[in-house]
Amino acid sequence: MVMAGKVMAEQGEKDLEYREYQEYQRLEDCEEDSPPGEDEEELLLHVTEGPTDSWHHIKDLDSFFTKIYHFHQRNGFACVVLSDVLELVSCSSSPSARSCCAVLTMMSCSPPAPSTRATSPSTARLRGSGWLLFLLVLAGMVWLCRLVTALRRLVGYWEIRRFYIQALGIPADELCNHSWQSVQARLLALQRRQPLCVPRRELTELDIHHRILRFRNYTVAMVNKSLLPVRFHLPLLGPVVFLTRGLQFNLELLLFRGPAALFQNTWSLRPQVKRAGTRRALARGLARAAVLLGVANLALCPCVLGWRLLLAFFSYAEGLKRAPGSLGARRWSLYARHYLRHFNELGHELQARLSRGHAPATKYMDSFSSPLLAVLARHVGFFAGSVLAVLIVLTVYDEDVLTVQHILTAITLLGLVVTVARSFIPDEHSVWCPEQLLQRVLAHVHYLPEHWQGRAGRAETRAEMAQLFQYKAVFILEELLSPLVTPLILIFAFPPRALDIVDFFRNFTVEVAGVGDICSFAQLDVRHHGNPQWLSGGHTDAPPERQAEHGKTELSLMRFALSNPRWRPPPPARRFLGHLHAQVTRDAATAPPSRALLAEGPLPASLLSEDSALAREGLVASVLVASGLVARDSRFGQPCSTASATASLLASLRTPLVIPPGTPLPGQGRGAPDSPGEQLSPEERPALSESRLRSLSRSALLAEVASAEMSLHAIYLHQLHQQQQQPQGPGPQPPAGWVTTGAPKPFFVTTGSAARASQLREMPLGGWAEEEEEEEEEEMMT
């Protein structure tokens, strides 16, 4: 009987291991309770078998893959150790260490309290300043907690270091030579040789991203469906979006990691969340937990606020003294990092994309100026500068001027006033086009609200953009106010949304064999979450409440396919990518040849340039020139619609969205040509030839070209969406553009289908003007 039981157990284990998962099943919105424990343990087997040093059947793959990713991003074990040690010892990065140093400094500088007893000066100071003693004890406790956390983290990273060397074959000194895509490819190959998880025989790129970004995908989806964050309407400031790091930490603790969280572990929801009959009871429990967490934050508010003040002072005081205008610099807000993030987009990919969009976003925000503030700044700056010049001259003439009381303080303050005043004075030689600048921002961030189209120069658009791209001073102020505002949000604003949040997790969660419970939006399933207005018509049957907003499903699918060319998408996603490919081909046929669009343009030189920013700016500039957003010479051919121009560039640049399984990896397999210009047969050259692809891979530019192609896809998809939103009335439509006289003669076209653009392209540049002159002559003769 014992032997029979072992045989049956091994057979069941084998069946689970080789069972193929075809498609996930959506949780239905029915009032019937799901059977408790149904297929929960069958789908998720995380057991430890065999020796631990062979990494067989790892218990928690979410934490394991996350550590592998962070180990790579932190550049290995030596950098991790050095960073943690300096953080704890040198008081340069750790908030708790900075607080401890601040308390010690304040205690050493404060005068001793008067006392009649013969006590030491340090004891007198401690007795006279009880709150300093309290802060010192608190800082010491926090520092000890950080020390224990750092030691545990170092032990875990030492195991990851062994995994890199022994399992992945990447020595410590060669880690910097491997990209994350290379590490991911070795993980997939390791799973085929040595199973890391039980239920699935083969891992995919999407599985790894699901485990690393399981909780982040839920947060991005809730922001996309406007469930988070909390929005306020203040009397003087108008609509305000409040999301800080402190509030984000509390929300993650409440939803994912706390004792009352909706997740029972890192890979599965609580069974009660999946039952429709328990939704209200679960919502009441979640609201009660939010109130208790808010009360705890309110009780700790003085301590957290003091720590925030010390952290802000020691972080920005020296930088503000060195560069007073640094507070006027802009940065992407935490809300923007959720709103602009794709599903399954890793942190370094998001940071690279937002960094590329920082310069055009800064130019767009700088294009707005207040005439009233400019006049005031000129006069204030002139007055402060005059006084400062006089003081400097007196100081040079007589050094004794420096001995005058507060003279150095006056010079410092006057210099700060002059610097701030200059920031409000616009450059009189700069000319900005807000629509063009916003188009450049879109090329990098991929998402912008639909109602911004055609309203780039309005103050309302700038105010909404300021919520995404905020001043550094505003960021610091929000972080300082976070200990005061976060408890109020948890106590008053979160409980009314508890039921909606529980329903969101129940309706948008799927169970995937070997992966666990994930957000259904992260599956990149166009059929269940696509939007017909974003080129998903005929490929989706999702009702409006299940559609992702702003085309996030379609854009996330394209980005993931371009970033992971070896990924094999499911059939619905493959059909959508094929439909997109066909649409690009049709629109490109109605546009001038790409050689005409790119003639004497910045793109040919920029594609092989070492400057990645130049490549993207060249692509966007080519789109703007071809579509008429900027003037161009008529010898380059007739202008066309924006979608056709973008499609023409995509057709000339496009790499296959899904590389056939038999194609060797870039840089592997067949020998790559020595130069990008080597001639190959047409069969060997797709839209972007394999020789070009391999050469760019050897030059570490393949990811840059894929990112540039994604920028064009984002612009193209937004253009198609705008065309679908425009009403098409019966009868002939007047041209949506204008004609200017003189050379060069730009012909501006922003609307119309590809056929309409083709008709306009066949008409001479001055065709519409000649027709108007003929009509005027006929009227005169009549």
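Cys 519 is buried in this predicted model, with a relative accessibility of 1%. Cys 303 is also classed as buried, at a relative accessible area of 19%; this value counts as buried because the cut-off is under 20%. A disulfide is a covalent bond between the sulfur atoms of two cysteines. The number of disulfides found in the model is zero. Cys 303 takes part in none, and the nearest cysteine sulfur to it, that of Cys 301, lies 9.1 Å away. The pair is therefore not counted, since a disulfide requires sulfur atoms within 2.5 Å.

The protein chain has 782 residues, of which 44% are buried. Its secondary structure consists of 33 helices and six strands. Among contacts with a separation of 6 or more, 75% involve residues 24 or more positions apart in the chain. The accessible surface amounts to about 40,100 Å², and carbon and sulfur atoms account for 60% of this area.

The largest nonpolar core contains 93 residues. The members that touch the most other members are Leu 255, Trp 332, Met 465, Phe 504 and Phe 505. Helix 12, which covers residues 279-299, makes the greatest contribution to this core, with seven residues. A second core, separate from this one, is made up of 31 residues, including Phe 77, Val 80, Leu 188 and Ile 212. When residues up to four places away in sequence are left out, Leu 255 touches Met 222, Ala 261, Leu 262, Phe 263, Leu 286, Phe 494, Ile 501 and Phe 505.

Helix 19 spans residues 434-445 and is mostly covered, with ten of its twelve residues buried. The buried residues include nonpolar ones such as Leu 437, Leu 438, Val 441, Leu 442, Ala 443 and Val 445. Gln 436, Gln 439, Arg 440 and His 444 are buried as well. The end C-alpha atoms of helix 19 are 16 Å apart. This agrees with the expected span, because twelve residues at 1.5 Å a residue should also give 16 Å; the expected span is 1.5 Å times one less than the number of residues. After helix 19 comes His 446, which has a positive phi near 75°.

Strand 1 (residues 230-234) and strand 2 (residues 238-242) run antiparallel and are joined by five bridges. The two strands form a hairpin, with three residues between them. Within this pairing, His 233 stands opposite Pro 239 of strand 2.

Some backbone angles call for separate mention. Most residues other than glycine have a negative phi, and most peptide bonds are trans. The loop between helix 10 (214-224) and strand 1 contains Pro 229, and the peptide bond between Leu 228 and Pro 229 is cis, with omega about -5°. Ser 226 is placed in the loop between helix 10 and strand 1. Ser 226 is not a glycine, yet its phi is positive, at about 60°. A positive phi, near 60°, is also found at Asn 344. Asn 344 is located in the loop between helix 14 (334-339) and helix 15 (347-356). With a relative accessibility of 0%, Asn 344 is counted as buried.

Note on methods. Residues numbered from 1 in each chain as written. Predicted model: local features only at pLDDT ≥ 70, side-chain atom pairs only at ≥ 80, totals over all residues. Heavy atoms only, no water. Buried < 20%, exposed > 50% of the residue type's maximum accessible area, 1.4 Å probe, protein only. Helix = DSSP H or I, 4+ residues; strand = E, 2+ residues; numbered from the N terminus. Contact = heavy atoms within 4.5 Å. Areas by Shrake-Rupley, 256 points an atom, 1.4 Å probe, with all protein chains shown as cover. Pairing = 2+ DSSP bridges. Core = buried A, V, L, I, M, F, W, Y, C linked by side-chain atoms within 4.5 Å.
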